[in-house]
Structure formats: structure tokens, C-alpha cells
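Colleague: Please choose one part of the inside of this protein and look at it closely, and then explain, at a pace that suits a first-year student, how that part fits with what surrounds it.

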Amino acid sequence: MMWSNFFMQEEDRRRAAAGRRRAQGQKGVLLTPEQEGKIKLVLLVVSIGATLAVLAVGTEFWVELNTYKANSSAVCDAAHLGLWKVCTKRLWLADVPEGRETCGPAELPGEANCTYFKFFTTGENARIFQRTTKKEVNIAAAVIAVLGLVVMALGCLCVIMVLSKGAEFLLRVGAVCFVLSGLLLLVSLEVFRHAVRALLQGAAPEPGPAPRLAYEYSWSLGCGVAAGLVLLLGGSCFLLLSLPSWTWSLCPKRTPAT
């Protein structure tokens with residue numbers, strides 16, 4: 001009995017010591033209120049960029065294609081497209097502003113016909129105003145944009161784990177994810193710009209000349225640019241917050257003038 005009580009007491013002491021060590025370790029990884037406030041502030045900025053990114057990728061107002069007005073017709077044709085879908089519109093010339101030489105803008109009311117691009121399913125190129133898309137470039141732009149959204153979601157998950165579990169090492173991973181997602185969105189915009197140029201130069205082999213077109217980038221692409229810049233800014237801020245505290249002591253301090 002004496003030896004059993006001794007071993008039981010030793011086991012209790014070991015468990016108590018292990019519990020104290022775990023408690024101390026958990027206290028060591030908890031964030032200070034100042035750190036938590038800074039992380040939440042940057043996360044709010046990043047959430048704005050994430051909203052803009054989802055809005056840009058999910059809408060089809062990246063670029064507007066407009067035909068020139070014809071004096072002998074009361075209608076004109078316009079189109080707007082994004083990564084997934086193209087919409088053609090027939091507008092009344094009476095609704096088009098008088099000082100505008102081309103049809104549009106695409107927000108005007110008119111007879112619309114929207115279709116999804118078939119090169120994601122059957123591999124066929126789309127034809128817009130007797131011009132053919134270059135599906136390889138369009139698919140590359142869409143894939144890069146979706147990859148940017150996936151990396152952005154991974155960065156959000158890392159920051160949430162930092163705030164909920166106190167895993168500070170994930171803050172640097174989240175920062176890298178946000179910077180990478182911003183770069184991927186900007187690269188996707190550049191690839192899409194090349195896709196638009198390839199569309200304007202790719203006249204389809206159809207009888208009759210293709211109509212002259214004017215193009216202008218629309219608000220969805222502007223949301224994409226803003227999202228990429230905001231994500232880059234947020235990722236850089238997270239990267240600065242993930243630096244150890246001793247690195248800030250290396251910065252030169254100003255001495256008060258006597």
C-alpha cells in the first residue's frame with residue numbers, strides 16, 4: 001500500500017507539472033490586445049479587397065465592345081464580356097448620347113442575349129461581331145483568377161486561425177497568400193487584356209467585312225485592379241506584423257534636440 005500511494009503521488013505530481021507547462025505555453029502564444037487590434041484592422045482592409053475580387057471575377061463587365069453608329073439604321077449593337085460570359089445588346093440610337101460616335105454604353109436598356117463561353121465545356125471558340133476569340137488566352141486568364149481567389153481564401157483561413165487559436169506562425173503564411181493572390185489577380189487582368197487584343201484581330205472567315213469596333217474597359221476590371229492592389233497592401237501589412245519584435249529595435253531612433 002505504501003509503494004502504491006507513493007507511485008500515485010508521483011503520477012499526480014507529473015500530471016500537475018505537465019498541466020502547468022501546457023498552461024504556460026498557451027499563455028505564451030496568446031496575442032496582446034494591441035496585436036489583435038492591428039490584425040483585425042488589416043483583416044478589415046483585406047476583406048474589402050476580397051469582396052472586390054469576388055465581384056470582379058463573378059461579373060461580365062470587364063470590357064465593352066461597341067460598333068460605330070450607322071446613319072441608315074435606328075439601332076446599333078454593343079457587347080460586354082468577362083471571364084465566363086458574353087452579352088450582346090441591340091440598342092436604340094435615340095438612347096445613345098448624341099456626342100458619342102459609337103454604340104453604348106452597355107448599361108443602356110435594350111434587347112440582350114447573354115451566353116456562357118463554350119471553350120470551358122466543348123472547347124469551341126466564341127464569335128463576337130464576326131470575330132473569333134482565342135480560347136487559350138481566355139482560359140488562362142480565368143484559371144489564374146480562380147487560383148488567386150483560392151489562395152486568397154487560404155490566407156483568410158490562416159488569419160482566422162491566428163485570431164482564434166493564437167498560432168502566430170500562420171500570420172506570415174497568410175501574408176504570403178494575400179500578396180500572391182494580389183499578384184495573380186493583376187496577372188489575370190493583363191492576360192485578359194491580351195485576350196481582348198487577340199479578339200479584335202481575329203476576324204472570322206465569314207462573307208462581308210467585319211464591323212469596326214471600339215472597346216473600353218468597364219467597372220468589373222476596375223474592381224479587379226483595386227482588389228489586387230488592396231490585397232498586396234494587406235499582405236504587406238500582415239508581413240510587417242509577423243516580424244519578431246526584436247527587428248523593430250534595429251531601427252534608428254530619433255534623439256530629442258537639445
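Modeller: The lining of the largest cavity divides into five nonpolar residues, two polar ones and one charged one, and I should say at once that the model in which we see this is a predicted one. The residues concerned are Leu 81, Thr 133, Lys 134, Asn 138, Phe 192, Ala 195, Val 196 and Leu 199, and if you look for the element that gives the most to this lining, you will find helix 4, with four residues. The space they enclose has a volume of about 40 Å³, and the structure holds one cavity of 30 Å³ or more. Rolling a probe the size of a water molecule over the atoms shows where empty space is left.

To see what lies around this cavity, it helps to follow Phe 192, which takes part in its lining and which, together with Leu 83 and Phe 238, touches the most other members of the largest nonpolar core, a group of 48 residues. At least two residues of this core are supplied by each of helix 2 (33–58), strand 1 (63–67), strand 2 (75–81), helix 3 (135–165), helix 4 (169–201) and helix 5 (219–241). Helix 4 provides the largest share of the core, 13 residues, and, as we have seen, helix 4 is also the element that gives the most to the lining of the cavity.

Leu 83 shows in detail how parts of the chain meet in this core. Once its neighbours within four places in sequence are left aside, Leu 83 is in contact with Phe 192, with Val 57, Trp 62, Phe 117 and Phe 120, and also with Ala 141, Ala 142 and Ala 145. Some of these names return when we turn to Ser 188, a residue of helix 4, whose contacts, with neighbours within four places again left aside, are Trp 62, Ala 141, Ile 144 and Ala 145. Is Ser 188 buried or exposed? Its relative accessible area is 1%, and because buried means under 20%, Ser 188 counts as buried.

A charged residue can be followed in the same way. Glu 60 sits in the loop between helix 2 and strand 1, and its relative accessible area of 16% means that it, too, is buried. Not counting residues up to four places away in sequence, Glu 60 touches Leu 81, which we met in the lining of the cavity, as well as His 80, Gly 82, Lys 85, Cys 87 and Ser 220.

There is an open space to set beside the closed one, namely the second largest pocket, with a volume of about 250 Å³. It is lined by 13 residues, of which Val 86, Thr 88, Thr 115, Arg 127 and Ile 128 are the closest to its centre. Strand 3 (85–92), strand 4 (111–116) and strand 5 (127–128) each supply at least two residues of this lining, and strand 4 gives the most, with three. The lining of the pocket divides into six nonpolar, four polar and three charged residues.

Strand 5 leads us to a short stretch of chain that deserves a careful look. The loop between strand 5 and strand 6 (131–132) is the place of Phe 129, and Gln 130 is found in the loop between these strands as well. Phi of Phe 129 is near 55° and phi of Gln 130 is near 60°, each a positive value in a residue other than glycine. As for accessibility, Phe 129 counts as buried at 15%, whereas Gln 130 is partly exposed, with a relative accessible area of 26%.

Finally, we can step back to the whole protein, whose secondary structure comes to six helices and seven strands, running from the N terminus in the order α-α-β-β-β-β-β-β-α-α-β-α-α. Buried residues make up 36% of its 258 residues. Among contacts between residues at least 6 apart in sequence, 70% join residues at least 24 apart. The accessible surface comes to about 15,600 Å², and 64% of that belongs to carbon and sulfur atoms.

Methods: Residues numbered from 1 in each chain as written. Predicted model: local features only at pLDDT ≥ 70, side-chain atom pairs only at ≥ 80, totals over all residues. Heavy atoms only, no water. Buried < 20%, exposed > 50% of the residue type's maximum accessible area, 1.4 Å probe, protein only. Contact = heavy atoms within 4.5 Å. Areas by Shrake-Rupley, 256 points an atom, 1.4 Å probe, with all protein chains shown as cover. Core = buried A, V, L, I, M, F, W, Y, C linked by side-chain atoms within 4.5 Å. 1 Å grid on protein atoms, 1.4 Å probe; cavity = no way out; pocket = protein on both sides within 12 Å on 5 of 7 lines; lining within 4 Å. Points joined across faces, edges and corners; volume = space filled by probe spheres on them. Nonpolar A, V, L, I, M, F, W, Y, C, P; charged D, E, K, R; others polar.
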